Every structure is written in C-alpha cells, then in structure tokens.
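Colleague: I would like to go through this chain with you, from the overall fold down to single residues. Please keep the answers short.

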Amino acid sequence: MALIRWQPFHEMESLRRQMDQLFDEFAGMSRETRSTAWAPAIELKDENDHLVLRAEIPGVEGKDLDIQVAREAVSIAGEHRYEKKTEEKGFYRSELRYGNFQRTIPLPVPVENDKVQAEFKNGILTLTLPKAEEVRRKVFKVNLGNGQGAIPASESATENSQG
C-alpha cells in the first residue's frame, strides 16, 4: 500500500485558480446581463383549503405583470422599467434592478387555477390559490368505543342509539 503525502499548498493553489475563474466569469458579464438576472422574492403559505402566494415586486405596475397559474405551478413575469428623467445627472451608485424578470414557483399541491384571486398593492402581489378538491384536508371524527378502535362518526351515532 502506497502512502500519498498531503500537499496543502497544491490544494490551496487549486482553490485560488477556481476562485479566479469564478471572478473572471462574473466580471466578464455585461451590466445589462447582470441587471436582468433577478427574480422577485416570494412567500408561499398553506392555509388549510387554499395556498397564499405573496411576491415582492417593487417599482412595477400591475399592467406590466404577466401571471399564469397552472394546477402545479405559478409563473410571474414582467419588466421593471427605468424611467429616465430629463434633468438627470450621473449616478454615484445604483443598486436597483431593471429589466425583465420571470419566476416559476412549483406548488406543493394541485390548485383550482380557474378560481384564483389576485391583489397587487404597494409592490406586493398576493395570490389566493384554492386547493383542488381531491387534496383538501377532510376532517373526520374518530370515536374510540368498546375497544373496537376507530369508528366513523356516522356508525358511532347508530350504535349509541341502539345501546
């Protein structure tokens, strides 16, 4: 069995080359490419018989949004436009993102896409997505009686009346 000596400087050099390559790739991207590479932040919440999807889309008007809902996913696309002002001076710094965006959010359960309700207020898009009937949580009453285990609620009422 041959022993292999650990060479920490060789591994550090390999890591340095990989980091240099990563920064070179990032620096090579044009400003336009970087400015369009964004997607709105989302929040997806389960509320028993429906899902609530909230997306943060500041600076975009509702007419500039394209929202498509399928049974398994929601797609949000649009454009954050840069409004040039006539008396504009040079920027010292700008961290705002402009350009097209698109985000597809897979849903954990199928929804009734023809009954979706939408609201867009103060840059927050809220979609209420009713779950499909076959996946809604159904509540059953479980009775424990006479050591028989779980009895459906309708049978339990019949037994008690005969009792």
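Modeller: One term is needed at the start: a contact means heavy atoms within 4.5 Å. The model is predicted.

Colleague: Among contacts between residues at least 6 apart in sequence, what share joins residues at least 24 apart?
Modeller: With contact taken as heavy atoms within 4.5 Å, the count starts from pairs at least 6 apart in sequence. Within that set, the share that joins residues at least 24 apart is 55%.

Colleague: What pattern of helices and strands does the chain follow along the sequence?
Modeller: The chain has 3 helices and 9 strands. Read along the sequence, the pattern is α-α-β-β-β-β-β-β-β-β-β-α.

Colleague: How much of the chain is buried?
Modeller: The accessible surface is about 13100 Å², and carbon and sulfur atoms hold 52% of that area. Buried means under 20% relative accessible area. Of the 163 residues in the chain, the buried part is 21%.

Colleague: What is the strand order in the open sheet of 4 strands?
Modeller: Strand β1 (residues 41-47) is joined to β2 by 7 bridges, and the two run antiparallel. β2 and β7 also pair in the antiparallel sense, over 7 bridges. The edge strands are β1 and β6 (117-121), each pairing on one side only. The order is β1-β2-β7-β6.

Colleague: Which residue is the bridge partner of glutamate 56 in β7?
Modeller: β2 has bridges to two strands, β1 and β7. On the β1 side, isoleucine 42 has alanine 55 of β2 as its bridge partner. In β7, the bridge partner of glutamate 56 is isoleucine 124.

Colleague: Which residue takes a positive phi in the hairpin of β1 and β2?
Modeller: This hairpin has 2 residues between the strands. The phi in question is near 60°, and the residue that takes it is asparagine 48.

Colleague: Which are the edge strands of the open sheet of 3 strands?
Modeller: The order in this sheet is β3-β4-β5, with antiparallel pairing. An edge strand pairs on one side only, which applies to β3 (65-69) and β5.

Colleague: Which residue of β4 is the bridge partner of isoleucine 67?
Modeller: β3 and β4 pair in the antiparallel sense over 5 bridges. In β4, the partner of isoleucine 67 is isoleucine 76.

Colleague: Which elements give two or more residues to the largest nonpolar core?
Modeller: The core has 16 residues, and those with the most contacts inside it are Leu53, Ile57, Val74, Ile76, Phe101 and Leu129. The elements giving two or more residues are β2 (50-56), β4, β5 (99-106) and β7 (124-130).

Colleague: Is histidine 80 buried or exposed?
Modeller: Histidine 80 lies in strand β4. Beyond four places in sequence, histidine 80 touches residues including Trp38, Pro58, Arg97 and Phe101. Its side chain also reaches the backbone oxygen of glycine 59 at 3.4 Å. Because its relative accessible area is 12%, under the 20% cut-off, histidine 80 is classed as buried.

Colleague: How far apart are the C-alpha atoms of alanine 73 and valine 109?
Modeller: Alanine 73 is found in strand β4 (residues 73-80). Leaving aside neighbours within four places in sequence, alanine 73 is in contact with Gln68, Thr104, Ile105, Pro106 and Leu107. Alanine 73 and valine 109 are 36 residues apart along the chain, and their C-alpha atoms are separated by 9.1 Å.

Note on methods: Residues numbered from 1 in each chain as written. Predicted model: local features only at pLDDT ≥ 70, side-chain atom pairs only at ≥ 80, totals over all residues. Heavy atoms only, no water. Buried < 20%, exposed > 50% of the residue type's maximum accessible area, 1.4 Å probe, protein only. Areas by Shrake-Rupley, 256 points an atom, 1.4 Å probe, with all protein chains shown as cover. Core = buried A, V, L, I, M, F, W, Y, C linked by side-chain atoms within 4.5 Å. Pairing = 2+ DSSP bridges. Polar contact = N/O pair within 3.5 Å; in protein donor to acceptor, adjacent residues only side chain to side chain.
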